Number of protein chains: 4
Amino acid sequence: MTAMIVVIQCKDQVGLVGAISGTLAKEGLNIVSLREYVDKTDNRFFMRVDVEQEADAAMLEQKLHQVLPHDTIITVNPLPEKKIVVLVTKEYHCLADILVRNHFKTLGASVQCVISNHSTLQNICSRFDIPFFAVSHEQADKGRFEEEMMDVIRQHSPDYIVLAKFMRILSPGFVAKFQKQIINIHHSFLPAFAGARPYRQAFERGVKLIGATAHFVTNELDEGPIIAQQIIPVTHSFTAADMVEAGKEIETAVLARALRLVFDDRVLVYKNKTVVFE
Amino acid sequence: MTAMIVVIQCKDQVGLVGAISGTLAKEGLNIVSLREYVDKTDNRFFMRVDVEQEADAAMLEQKLHQVLPHDTIITVNPLPEKKIVVLVTKEYHCLADILVRNHFKTLGASVQCVISNHSTLQNICSRFDIPFFAVSHEQADKGRFEEEMMDVIRQHSPDYIVLAKFMRILSPGFVAKFQKQIINIHHSFLPAFAGARPYRQAFERGVKLIGATAHFVTNELDEGPIIAQQIIPVTHSFTAADMVEAGKEIETAVLARALRLVFDDRVLVYKNKTVVFE
Amino acid sequence: MTAMIVVIQCKDQVGLVGAISGTLAKEGLNIVSLREYVDKTDNRFFMRVDVEQEADAAMLEQKLHQVLPHDTIITVNPLPEKKIVVLVTKEYHCLADILVRNHFKTLGASVQCVISNHSTLQNICSRFDIPFFAVSHEQADKGRFEEEMMDVIRQHSPDYIVLAKFMRILSPGFVAKFQKQIINIHHSFLPAFAGARPYRQAFERGVKLIGATAHFVTNELDEGPIIAQQIIPVTHSFTAADMVEAGKEIETAVLARALRLVFDDRVLVYKNKTVVFE
Amino acid sequence: MTAMIVVIQCKDQVGLVGAISGTLAKEGLNIVSLREYVDKTDNRFFMRVDVEQEADAAMLEQKLHQVLPHDTIITVNPLPEKKIVVLVTKEYHCLADILVRNHFKTLGASVQCVISNHSTLQNICSRFDIPFFAVSHEQADKGRFEEEMMDVIRQHSPDYIVLAKFMRILSPGFVAKFQKQIINIHHSFLPAFAGARPYRQAFERGVKLIGATAHFVTNELDEGPIIAQQIIPVTHSFTAADMVEAGKEIETAVLARALRLVFDDRVLVYKNKTVVFE
C-alpha cells in the first residue's frame, strides 16, 4: 500500500500540517497514515507520512521546502534499502539474528560486511557469505585500530553502523564521523548499570528485572538517544552468569526491534532524544 | 497545552488531512498532536487532533463539514467531562478503583450513580457519597428488571454505562438503546473463554496466561469491539480460585485503561473494531 | 488447603531438606508445596513450606531447631494476619489501594492507622474509618518529627511500616528501630533514578520505559533489598507530568504485589537481597 | 554447580519429601535447589531436584524406588544432551533460531536432522551442515507421507520431535508413537484461534494482543498440554499480514523458551497439563 515515506522535522509553527498535506494533495498523493508530534518544550515539529503513490523524491522535497521553514529537514523515502556494516566482538547472538534476517531479506537493510576485533565470528559470517574483516586492537594503538576499521567501512559506504555487542569504546573522532549513524545495544536498561559488566552490577544489587537498551552512539558513554528498551524479570535464583544468558534473549530482541524502526524511517533524532513513530 | 480535541471519521479520499488542517489553520488553531489512520480494507478515514486553542465547537464543526464528505462524523471536544453510570453485581475491585479515581477527580468522567442487582456494594458507594440503586433481578422478569434499571439510568443521562463486573446478560432491547455507550470488562483474553466461568475454563485447559478484555457491548455476547486487553502469567500451581484472585488485578487495570482511553476521546468505533489513538 | 507456613533460613549443609521434611512427617504434617533455594555465593539455605495441617507453632519450631544448625531462623506461620502502619504524604493512589483492600479483607494485613506530614489524605482515611495522625515536619526538627511518629507507631505495634509515597527521608536512628520492617515504594526502576524527582530525570534522559521498585528501607537511600519491580513503556510524547501519571499505576501495582508477597511470608531477606518464593 | 537432575512424579502421600531427601542425603548428595508441587485435585506429587554431585543414575533410581510408591516415575538426569529431529514447512524463523543455537551449542539438545514437506529450507540447513530430508506430501497419501518421515526419524532416534512451523496435521497413529515427545508451536494464544489461519481470525476479531503457544502434541488438534505462552500487543493499524510478521517474533521466542524448559527437565506432563519448574 505504502509506496513512499516522507519524514519532516522543523521548528513548530501554525499551519505546518496544512502546508504539508496540501502540497501532497496537489501532487495527487494520498496519505495512508500520518504521525505528527510537537515537542512543546523545544517547540519542535516532527512528522512521518506514508504515501500511497510514488513520486519524484527530489521534486517533492523541493515543493515541500517551498512551503516550510527554511531549515526544515525533509527526507522522502531516503533509500529503498539501507546498507549497514556490523561491528562485533565475540558474542554471536545479535549478529546471528541479523545475519538470518539479512539472508531471508527481512532485515530491512543489507549487511555489507562484518568487522570484528576477534576471529570468533568469522565462521558464522562465511556460512552466510558475508565478508568478515578481522581488525585486531592488540597490536595497534587505538588510532590505528579505528583507522583500519574506518578504511573497511568507507569501502562499503553504509547508511548505519550497528554495534552488535562490540566491546570496545569508540573514540570521539570516530563517532564524530558517523553522527546519528551508529546504533549500539547496551546490556542494561539504561541509565541503570552504564559502563562495564552491567549483569554483575545487576546481580550485586539484587534487582528483579534486567534489560537491554538500543541507542545511537554519541561521545557520552551509554548516554546517546535511546531507540528501544525492554526488560525481563529475574529472580533471586539467577547467578550473574544466568543473567548474562537470559539477557542475550532480550538484547537480541531489542536490537532487532530498534533496527526495524530505524530502517523503516520511524526514528527521528533531536538533541539527546528520539521521536519514534511506531 | 491541549484546549480542544477534534475527532473525525469518514469515507477515505485524497486531500482529507489537507482540508482539515487547512480549516484549523484558517481559524488560527495550532495542532499539538495529530493521529490519522486509514483502514484500507474498508476505505475508512479516522483522525484525532489535539488543538492548542479553544474555539466555538458548533462553528468549527460546521466549517469542517463544509470541506468534508457529507456523512462525516465530527466531534469537537464533545464534553468537558463525561457522565457515567456504573452497573455492578458483588465484586468490589473494579468499582472501588472507579470510585477512588472519581473521588480524586482523575477518572476523566463523573460517576452519577451505581446500580446493582445485589446490595453488597452499597456500603462502599455510600462511603464515597455516590447514589446506589439496588434493582433486584429476582422478583421481576428480565423485562421489568431492565425497565427499572433504565428508569434510573435515564434520570442520570450518562454518556457511558460501565459494566464493572455486572454478571447479568443485557437484552438486545436494552443494548440497542445504548449503542457504543456500554463498556464491559470480561475476565478472559477474548475470544478465548467467552461466556461463563472463564477462569474455570482456563484452569481446566492448563493455560500459562490469563487475561481480561474491555469491550463495547453489542448483542453478540462477548463479541463487541475490543478496546483494551492485557494478560498476566500463571503457573501450574494456580487453582481456579487463585486465577480468579490474580485476574482481579488485571481486570481492574484493563478497565481503568479502557475508560481512560474512551473518556479521553481516543477510541473510535467502526463495525466490530476500534481504532485507538493512544 | 494450606493451614500453616514454615519459613527457614540458615547456613547450608548436606541433609537440611531431609531433616526438615522428616521432622514434619514425624508430626503427621503433609507438605502441600515446598520451595527451597541455596545461595552458593553465601552458602545460605532458604526454605518455605506450605503445610496442610495445623500444629502447635512453638512445639514445631523447637523440634525443627533440634535437627538444624544452632543459628537457624525459623518462623512457623508467624501471624494469622499482619498489622501495619502506613506513612504517606499527599499522593492518594497507593494509600487508597491499600485502604480498599484492607476494607474488603484482601490485603493480608490489617491497617492500624495512617500517619502523614500533611492533612490531604485525612478525608479518605476517615471514609474507611481508619485512624489518621497528622504529624507536621514543619514546626519540628527532624528528631521531634520522628519522635512523634514513633509514639504513634509504638501504640499500634505493627509488624510492618509501609511508606506509601511518604516523601521524607527517615533518619538512621528511625530505620534502625525497624530493621526489615519498613517497606517503601520508589518511583523508578532502581538503581536508575535514585533520589529525588525520578520522573523528571527519566524525561530528561529520554527513556522508553519507566518503572517502580518496592524495597525494604535501610540507611542507604534507595539501596535496600528489592522486593518487586515493574515497568511500563513510555514514548517521546510523554511529558514529565504524563510520566508521573502513568507511573502512579505501576507504583500502585508494584507496592500491592510486594505487600502481598511479604504478608504471605514469601520474602526472605539476607544481606542486601531478597529471596522471593512466589 | 548442578551435576545431576532428579525428576519424580507419583501419587501424593505424607512423607515423600522426607523419603527422597533422606535417600539423597544418605548418598552424600547435596540439594542445590528443590521444587515440589502437589496437585490437590488429582492428588499427584511432582518434584525436581538439582543435585550438586554426580552419582550412578541406575543405582540412585533404584534406591529412590525402594522408598517411594511402586508406580513412581523417576528420571535421574536422563541424558547429558537430548537429541531432536525438527519438522518444518516453509517458514524459516523458528528453524533458523534452533539451528543457530544448535551451532553454538546453547540449545541444550543436538539437532539430528530436519524434515520438510518442501525444499525451501534446505539451503539454510546445509549452511549449518544439518542433514535435510524433503518428504513430499503431494504424491503420497497421508499414510505413505508419514511412513517416510517415520523412517527418517527412526534412523535418528530422537528424544523429541520439534514441529517448528510444520503446517501438516499428524495422524493419530503417528502421534501415538511419540507420546509426550512431539512439541509444536501454534501461532495463537490457545485456546483462542485454534486451527487454521489464526492471525486472519485475530485480525477479523479486532484483538489488541496476539500470541503464540508451545505445547505437546496429542490427538486433539491444538489441545495438548501447554508448555509456554506469550503475547505481544497489536493495534488497529496491524493488517493480518502485519500480525503474521509480528507473530513470528513471538513464535520464535516462545518455542525457544519451551525447548529450553523441556531440554532442561523442567517440564512434567500429567493428563492434559504441564507442571513447569522454572
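**Exercise 1.** Determine whether B:Thr72 is buried or exposed, and describe its surroundings.

*Solution.* Step 1: B:Thr72 has 6% relative accessibility and therefore counts as buried (buried means under 20% relative accessible area, exposed over 50%, partly exposed in between; 1.4 Å probe, protein chains only). This is a predicted model, in which local features need pLDDT of at least 70 and side-chain atom pairs count only at pLDDT 80 or more, while totals for chains, interfaces and linings use all residues. Residues are numbered from 1 along each chain as its sequence is written, chains are lettered from A in the order in which they are written, and side-chain values use heavy atoms, leaving out hydrogens and water.

Step 2: Leaving aside residues up to four places away in sequence, B:Thr72 touches B:Ile8, B:Gln9, B:Cys10 and B:His65 (contact means heavy atoms within 4.5 Å).

**Exercise 2.** Characterise the interface of chain C and chain A.

*Solution.* Step 1: In contact are 31 residues of chain C and 31 residues of chain A.

Step 2: The two chains bury about 2,600 Å² between them, with 59% of it on carbon and sulfur atoms; buried area is the accessible area (1.4 Å probe) that two parts lose on being put together, summed over both. On the side of chain C, C:Arg205, C:Lys208 and C:His236 lose the most area to chain A, together 29% of what that side buries.

Step 3: Two salt bridges are found across this interface (a side-chain nitrogen of Lys or Arg within 4 Å of a carboxyl oxygen of Asp or Glu). A salt bridge joins the side chains of A:Arg205 and C:Glu223 at 3.5 Å, N to O.
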